[in-house]
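I opened my notebook to look up a few things in a structure. Come along and read over my shoulder.

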Amino acid sequence: MNNDLIENKGWWKKNWKWFIPASGVFIIIIVSIFSSGFGGIIGDYSKAYSDSELYDDALTIVRENNRVKETLGYIEPINNMTILNGYVEYSDNNNSVNTTIKISGEHGKAMLDISADLINEIWSFKALKIRIKSPPEKKETIEILNRSSF
C-alpha cells in the first residue's frame, strides 16, 4: 500500500481551532492582571526580592537589640521565600518601602515590620518593630527604631 496520497498537515492547520481562542483568553487574563493593580503588587514583590540589602541591614540592627536577644535569641537569616510570604509596599517611585516579614529565633517567632526610605542608594530606616507571636507567653511588641509613625 502506498501513502503518497495522504497529505501531512502542518502545525497551524492542525491546531488553529484551539490556538486562536486560547490566545485571546491569555491576552484578556494578562490585561486584567495589569489593569487591576495586581501587576503593581507583583512588581513590589520582585523589587523586594532583589533588595536583599534592605532586609540584611534591618536584621543587623535587630540582632543588636538586647531585648530581642533575650526574648528570641539569635535571629536566623531570612531566605527569599520569607520575603515572598510577607507583605511589601513600595511608594514614592520605589524610594520608600513598608514591609513585614516573618523571622525566627532560637526561642520563638516574630514579625519584623520595616519602614525605610532610599536615600543616595542607601536604605534609611524610619521604623523597625518586632511583634513577637510565639511562644504566646512572650507575646509583645518591641520598637527598635521609630523616627516616624508606622
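**Aromatic rings**

I began with Trp-12, which is partly exposed at a relative accessibility of 45%. I kept in mind that this is a predicted model.

Next I looked up Phe-19, and its 32% relative accessibility makes it partly exposed too. How are the rings of Trp-12 and Phe-19 arranged? Their centres are 5.8 Å apart with the planes at 75°, and planes over 60 degrees apart count as edge-to-face, so I wrote this pair down as edge-to-face.

I then counted aromatic pairs and found six in the structure. One of them joins Trp-11 and Phe-19, edge-to-face, at 5.6 Å centre to centre and 80° between the planes. For Trp-11 I noted a relative accessible area of 48%, so this residue is partly exposed because the class runs between 20% and 50%.

Which residues form one aromatic cluster with Phe-19? I listed Trp-11, Trp-12 and Trp-18.

**The largest pocket**

After the rings I turned to the largest pocket, which holds about 180 Å³ of space. Its lining includes Glu-76, Pro-77, Ile-78 and Asn-79, and also Lys-102 and Ser-104.

Which elements supply at least two residues each to this lining? My note says helix H5 (80–85) and strand E2 (96–104). E2 gives the most, with four residues.

Last, I sorted the lining of the largest pocket by residue type: five are nonpolar, five polar and two charged. Glu-76 and Lys-102 are among the lining residues, and both Glu and Lys count as charged.

Key. Residues are numbered from 1 along each chain as its sequence is written. This is a predicted model: local features need pLDDT of at least 70, side-chain atom pairs count only at pLDDT 80 or more; totals for chains, interfaces and linings use all residues. Side-chain values use heavy atoms; hydrogens and water are left out. On a 1 Å grid over the protein atoms alone, a cavity is a set of points where a 1.4 Å probe fits but cannot get out, and a pocket is an open set with protein on both sides within 12 Å along at least five of seven lines; lining residues have an atom within 4 Å of a point. Grid points are joined across faces, edges and corners, and a volume is the space filled by probe spheres set on the points. Rings of Phe, Tyr and Trp (its six-membered ring) pair if their centres lie within 6.5 Å; planes under 30 degrees apart count as stacked, over 60 as edge-to-face and the rest as tilted. Buried means under 20% relative accessible area, exposed over 50%, partly exposed in between (1.4 Å probe, protein chains only).
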